[in-house]
Amino acid sequence: MLIPVLCEKLAFQRAFEPDNITPCIERPNYVCYLTVMGVSISTSSFMLLVSALISLIQALILVPLSGFADLGDHRRHLLLLFTLVGGLASCLQVVPIISGLYYTVCLAILTSVSTCAVSSYALSLIPAYAKEYDSLHKNQAATEISSRGGAISLLCSTVVTSVAYAIAGTIADEALGIKISLALGGAWWALVGVTGRTLLASQHSNILPTGTNAVLFSLKSVWDTFALGFKLSNLFLAQLAFFLISEGTNTSGLITILIARNELNVEPRELTIISIATPLGCSVGIMTMLALIKKFKLNIKYVMITMSLLTAAIISLNVIGYYTKSVGLKSKWEVIGAFIASSIFYGPVLVSFRILLAEISPKGRECQLFTFNTLLSTGTTWIGTISVIYIIRLSGETRISGFLPLALVLLGVLVLSQMDLTIARTQAEFYATVPSPLE
């Protein structure tokens, strides 16, 4: 959340008034313009384009690497590599000589790509560890590992974020305060990542055949897994449903930030409340979901559908605000409340899909499928972002673009309802017994 805001503030420093001569002065509800590769774009659109660029680069880098990560013990090694790269990139934000707009964008790309990679490789260990249990306890183990791990990590990030913001909040320069927050978070990230990597047990699965090119082998493996996703119809439906739901939710978040910044004049310091409360809300939602699943033996698919519908109800506030003058993200506290409520519902959506994917992933392809999953939740946001930019340009109204994420989430729920979880589990077990092309 803070990286796009930081890029927008730095963009104002390089932007001009609509006459393209007078340097821009940042002020509420105002848009200036800057030239990027010969094209004039607004400062608000620049924030969205940075998010889109980050998402695209994530897909281009991480998908080819996912097949390689499933070989031998490379998953742990890549986990350490991206942890160090991401932590270093975040820490470099405070180096004085690296203070320009494009330097910040490059560091943001490194940080975001590393975050996506670490998330993918760590989550792909869930089925690897869960499948060590017998069939009776395997699903329960996946639920426990994913839920408790997700909640604990979010609680830790809340504490670290709070401390970072408390320190950065004493600095008058808002851009510098954001950079210090990112640097402190990066240092913590590197420390925890290195410690966690050291404690992880080796996970030897498939070995690269002698004389085989690792890059080509990885690309072939990714393609085979991608094709397998279409062959396993229920796995495909689950991935498609999650893509639609996550794309809608992420796009809604960007729209809400635009409304908060452009219409309600929400400052970066006020966004810190959201940044702290959001992971806390996610952890509360996740632990509540885990307790309900254990007590009432709930079907994980229907839990995901229910939480997605509740998320859609929060997203609909963007649409309601288009038609009414008093309700629908009309105040700063309403925006903060919407983010917190959405996190309480969307956190369980993320974890329930991880549990679902852990149950229906064929053995030996976990890292590839979880990389696809992470990219579906973060690496494809450029699709919704570009769509929102064009909708705003054509309509001249930010709130009307809220119809897009609402439609995506509801369509995702419809697709997920068509998936048969029992058949998906059977198919995963069957393909786990078939020799993998990696073997």
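Is K297 buried or exposed? K297 is exposed, because its relative accessible area is 70% and a residue counts as exposed over 50%. The model in which this residue sits is a predicted one. K297 has its place in the loop between α10 and α11, the latter being residues 300-323. Its backbone has a positive phi of about 55 degrees, although K297 is not a glycine.

Another residue shares that backbone feature. L329 is not a glycine, yet L329 has a positive phi of about 60 degrees. L329 lies in the loop between α11 and α12. With a relative accessible area of 2%, L329 is buried, since buried means under 20%.

With these two loops placed, the whole chain can be considered. The secondary structure of the protein chain comes to 16 helices and 2 strands. The chain has 439 residues, and buried residues make up 53% of them. Its accessible surface comes to about 19100 Å², and 70% of that area belongs to carbon and sulfur atoms. For contacts between residues at least 6 apart in sequence, 81% join residues at least 24 apart.

Two helices can be checked for length. Helix α2 runs over residues 43-69, and at 1.5 Å a residue its 27 residues should span 39 Å. The end C-alpha atoms of α2 are 38 Å apart, so the model agrees with the expectation. Helix α2 also has a kink of about 30 degrees at L62, shortly before the proline P64. Helix α9 has 30 residues and reaches 43 Å from its first C-alpha to its last, close to the expected 44 Å. Helix α9 is mostly covered, with 24 of its 30 residues buried.

I57 is found in helix α2. Leaving out residues up to four places away in sequence, I57 touches I109 and V113. The C-alpha atoms of I57 and S112 are 9.4 Å apart in space, while the two residues are 55 residues apart in sequence. A similar case involves G177, which is found in helix α7, residues 174-199. G177 and L6 are 171 residues apart along the chain, and their C-alpha atoms are separated by 9.7 Å. G177 is buried, with a relative accessible area of 6%.

Charged side chains give further links. Side chains of opposite charge can pair when their charged atoms come close. How many salt bridges does the structure hold? The structure holds 2 salt bridges. One is formed by the side chains of R399 and E263, at 3.2 Å from N to O. R399 lies in the loop between α14 and α15, and E263 lies in the loop between α9 and α10, so the pair ties together parts that are 136 residues apart in sequence. The partners differ in their cover: R399 is buried, with a relative accessible area of 3%, whereas E263 is partly exposed, at 36%.

The other salt bridge joins the side chains of R425 and E359, at 2.6 Å from N to O. This pair links distant parts of the chain, with R425 in helix α16 (residues 421-433) and E359 in helix α12 (residues 332-360), 66 residues apart. Here R425 counts as partly exposed, at 26% relative accessibility, while E359 counts as buried, at 7%.

The loop that holds R399 also holds T398, whose place is between α14 (381-395) and α15 (403-417). T398 is buried, with a relative accessible area of 15%. Not counting residues up to four places away in sequence, T398 touches I255, L258, I259, E263 and I392. E263, one of these contacts, is the salt-bridge partner of R399.

Finally, consider a nonpolar part of the surface. Which residues make the nonpolar surface patch of about 450 Å²? The patch is made by W223, F226, F230 and F236. Its largest share, 3 residues, comes from helix α8, residues 214-231. F236 has its place in helix α9. F236 is partly exposed, with a relative accessible area of 32%, although most of helix α9 is covered.

Methods. Residues numbered from 1 in each chain as written. Predicted model: local features only at pLDDT ≥ 70, side-chain atom pairs only at ≥ 80, totals over all residues. Heavy atoms only, no water. Helix = DSSP H or I, 4+ residues; strand = E, 2+ residues; numbered from the N terminus. Buried < 20%, exposed > 50% of the residue type's maximum accessible area, 1.4 Å probe, protein only. Contact = heavy atoms within 4.5 Å. Expected span 1.5 Å × (residues − 1). Bend = angle between axes of the 7 residues up to and from the residue. Salt bridge = Lys/Arg side-chain N within 4 Å of Asp/Glu carboxyl O. Patch = residues over 30% accessible without salt bridge, like charges linked within 9 Å, V, L, I, M, F, W, Y side chains within 5 Å. Areas by Shrake-Rupley, 256 points an atom, 1.4 Å probe, with all protein chains shown as cover.
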